[in-house]
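Reader: I am new to this structure and would like a close look at a single part of it. Please take the sheet and what lies around it, slowly and in connected sentences.

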Amino acid sequence: MKVITKDMTISSKGRREVINITSHIEDFVKGTGIRNGLVLVFLPHATAAIFANEDEPRIRVDYENLFEKLVPANGNYLHNEIDDNGDAHLLTAIFKQFYVLPIINGELRRGGTWQEVFLVDFDGPRVRNIVLVAIGE
């Protein structure tokens, strides 16, 4: 059994931004030599998250509208008294900081034809760290 890790960074440009990171994960998986196993995508941040879904321009607007509907950016959050990003912390509590995908026959197995993996920054612009861990044989 092999365990291979990689740290990488992604820079966001906007306050709330959805960034497709699928190609980075696929390149990592191909470079590991692992034929069958799992890859963990972990985001060690309190104001950003990882999710998987379709990447299409209109659904990106729908994601942004969903985030705003769930937790408005200009809400009256107590945490804003400390640091003006209460909305980002609340959104991260709803979403998650990790995603696990299978590696089958040396390739990343995604759900369906259109599934992509995204980093969503709720408190940008920032440089975000991503930890990739591949486990398998």
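Author: A suitable place to begin is one pair of residues: Ile50 has Leu119, in β7, as its bridge partner. The model is predicted, so local features need pLDDT of at least 70 and side-chain atom pairs count only at pLDDT 80 or more, while totals for chains, interfaces and linings use all residues. Residues are numbered from 1 along each chain as its sequence is written, and side-chain values use heavy atoms, with hydrogens and water left out.

Strand β7, residues 115–121, pairs with β4 in the antiparallel sense over seven bridges, where pairing requires that DSSP finds at least two bridges between two strands, and strands are DSSP runs of E with at least two residues, helices runs of H or I with at least four, numbered from the N terminus. Both strands belong to an open, antiparallel sheet of three strands in the order β2-β7-β4. Because β2 (17–20) and β4 (48–54) each have a single partner strand, they stand at the edges, and one side of each is left without a neighbour in the sheet. Neighbouring strands of this sheet are turned by 35 degrees against each other on average, direction ignored. Helix α2, residues 57–70, packs on the sheet and touches β2, β4 and β7, contact being heavy atoms within 4.5 Å. The direction of helix α2 makes about 140 degrees with that of β4; such angles run from 0 to 180 degrees between N-to-C directions, with axes fitted to C-alpha atoms, for helices over the stretch in contact.
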